[in-house]
Amino acid sequence: MFEKYIILLEKTFEKIGLSENLSGVISEIISLITLFLISIIIYFITILIIKKTVFVFLQKTETKRDDIIIENKFFNRICLLIPAYIIRGLIPISIPSFPLLSSAIIMMTKIYEVFVYSRVIDAILSTLNDIYNTYEVSKSKPIKGFIQVLKIIVYVICLLLIIAILTQKELSNILIGLGTLSAVLMLVFKDPILGFVGGLQLTINDMLRIGDWIVMEKSKADGEVLEIGLTSVKVQNWDKTITTIPTYSLISDSFTNWRGMESSGGRRIARSFVIDADTIKFCTPEMLEKFKKFQLITQYITDKENEIEEYNKRNNIDDSNPVNGRRQTNIGIFRAYLTEYLSHNPYINKDMTFMVRQLAPTEYGIPIQVYAFSSNKIWVNYENIQSDIFDHIFAVVTMFDLKIYQKPSSNTLEKINGNVNLEVLED
């Protein structure tokens with residue numbers, strides 16, 4: 001069976017002039033194959049030894065930071081150099097009769113070594129970034145962008161070294177030749193360069209941190225920052241979608257960062273409702289007696305009445321006409337009631353601004369705004385607190401002889417028109 005292959009091999013060697021030393025050539029080919037096999041076996045044996053010793057030791061330590069080295073496959077990558085060193089060192093001895101093949105294998109081995117070294121450095125940089133991310137400072141000053149820049153530099157150098165090995169020229173000569181391609185390189189790496197500059201400004205000026213809640217209308221982003229990279233920032237919106245924003249656009253365009261609210265003592269409530277202007281009036285003695293039964297403002301009404309009475313007497317005001325002098329109004333007492341209500345609400349931060357204010361009148365009526373800060377900043381809890389406040393307002397406003405303006409619906413207008421038509425028909 002093998003005789004045919006041996007005869008074919010003899011004819012091949014006769015053509016290339018190696019028939020006289022056929023046995024030596026065959027032995028060199030066998031030694032070459034053996035060299036490759038031995039180098040691969042040694043690689044796997046080394047990996048096995050490291051897993052049984054170094055890996056076990058690192059996993060038993062109290063700190064979990066050294067496990068990051070294993071996760072980033074640093075040892076696996078550095079062991080890949082073992083076959084390259086063995087082959088490059090022994091290849092000239094293994095196949096002395098094939099100098100060209102020996103040189104080609106050595107060249108490929110060097111290229112392989114350069115690539116593996118770049119992967120080892122990549123693993124080291126990734127490990128440094130992951131270890132840094134275990135510290136609290138990483139949220140305010142992430143270094144992922146810098147790490148990505150360093151990785152790009154490493155791989156660019158790797159590519160240049162490979163070109164230098166293939167062309168057998170000095171690296172300096174290649175760099176000089178690349179000067180003419182600088183414009184092309186600037187165009188290719190435009191986004192990483194802009195991203196790097198943007199990342200620097202974001203970090204130095206502390207404009208953005210991982211975990212910040214940001215809103216950027218242009219990119220339709222409204223959520224929490226997950227990752228700050230070299231060319232992009234990932235934001236997880238509240239509907240769980242992910243928005244990717246170019247890093248530089250956070251510098252060139254505007255965005256809202258809610259970190260100040262989260263680090264403060266409360267979350268702002270600034271919501272208004274509109275009072276029907278036709279229901280606003282001076283308070284009669286009967287109305288004041290009725291309002292005094294509301295415990296939150298009993299003392300306020302009494303004190304205010306004494307103050308107004310003293311003022312009117314001092315200025316000889318004719319109180320037979322309510323237009324003269326000072327009088328209390330139902331909307332004024334209502335505002336005082338809401339202020340007291342907020343001051344007794346345990347979920348309102350009393351150390352921050354809180355008030356009930358009247359805004360400029362509109363064609364719909366008189367807007368009243370509740371401006372306060374919820375001490376609970378969690379979104380769901382905040383919305384419940386705000387809703388409870390306005391539930392109470394909507395329920396209590398009629399007790400002050402006031403009405404909240406509501407634009408008439410089509411059904412309401414139809415009823416009004418129907419009543420008017422009936423009255424006309426009756427007449």
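## Exercises on a nonpolar core and a helix pair

**Exercise 1.** In this predicted model, which residues of the largest nonpolar core touch the most other members, and which element gives the largest share of this core?

*Solution.* Step 1: the largest nonpolar core has 32 residues, and Phe 273, Phe 291, Ile 333, Phe 334, Ile 389, Ile 393 and Phe 400 touch the most other members.
Step 2: at least two residues of this core come from each of strand 6 (267-275), helix 14 (285-292), helix 16, strand 8 (366-374) and helix 17.
Step 3: helix 16 gives the largest share, seven residues.
Step 4: apart from this core there is a second, separate one of 13 residues, including Leu 58, Phe 74, Phe 75 and Val 120.

**Exercise 2.** Find the residues that Ile 389 contacts beyond its neighbours within four places in sequence.

*Solution.* With those neighbours set aside, Ile 389 is in contact with Ile 269, Tyr 341, Leu 342, Asn 345 and Ile 348.

**Exercise 3.** Describe how helix 16 and helix 17 are arranged, and classify the residues where they meet.

*Solution.* Step 1: the axes of helix 16 (residues 330-343) and helix 17 (residues 379-396) come within 12 Å and cross at roughly 150°.
Step 2: angles over 145 degrees count as roughly antiparallel, so helix 16 is roughly antiparallel to helix 17.
Step 3: the crossing of helix 16 and helix 17 is right-handed.
Step 4: helix 16 brings Phe 334, Tyr 337, Leu 338, Tyr 341 and Leu 342 to the contact, where they meet Asp 388, Ile 389, His 392, Ile 393 and Val 396 of helix 17.
Step 5: by class, this contact has eight nonpolar residues, one polar and one charged.

Technical notes
Residues numbered from 1 in each chain as written. Predicted model: local features only at pLDDT ≥ 70, side-chain atom pairs only at ≥ 80, totals over all residues. Heavy atoms only, no water. Axes fitted to C-alpha atoms, helices over the stretch in contact; angles between N-to-C directions. Helix = DSSP H or I, 4+ residues; strand = E, 2+ residues; numbered from the N terminus. Parallel < 35°, antiparallel > 145°, perpendicular 65-115°, else oblique. Left-handed = near helix turned anticlockwise from the far one by under 90°. Contact = heavy atoms within 4.5 Å. Nonpolar A, V, L, I, M, F, W, Y, C, P; charged D, E, K, R; others polar. Core = buried A, V, L, I, M, F, W, Y, C linked by side-chain atoms within 4.5 Å. Buried < 20%, exposed > 50% of the residue type's maximum accessible area, 1.4 Å probe, protein only.
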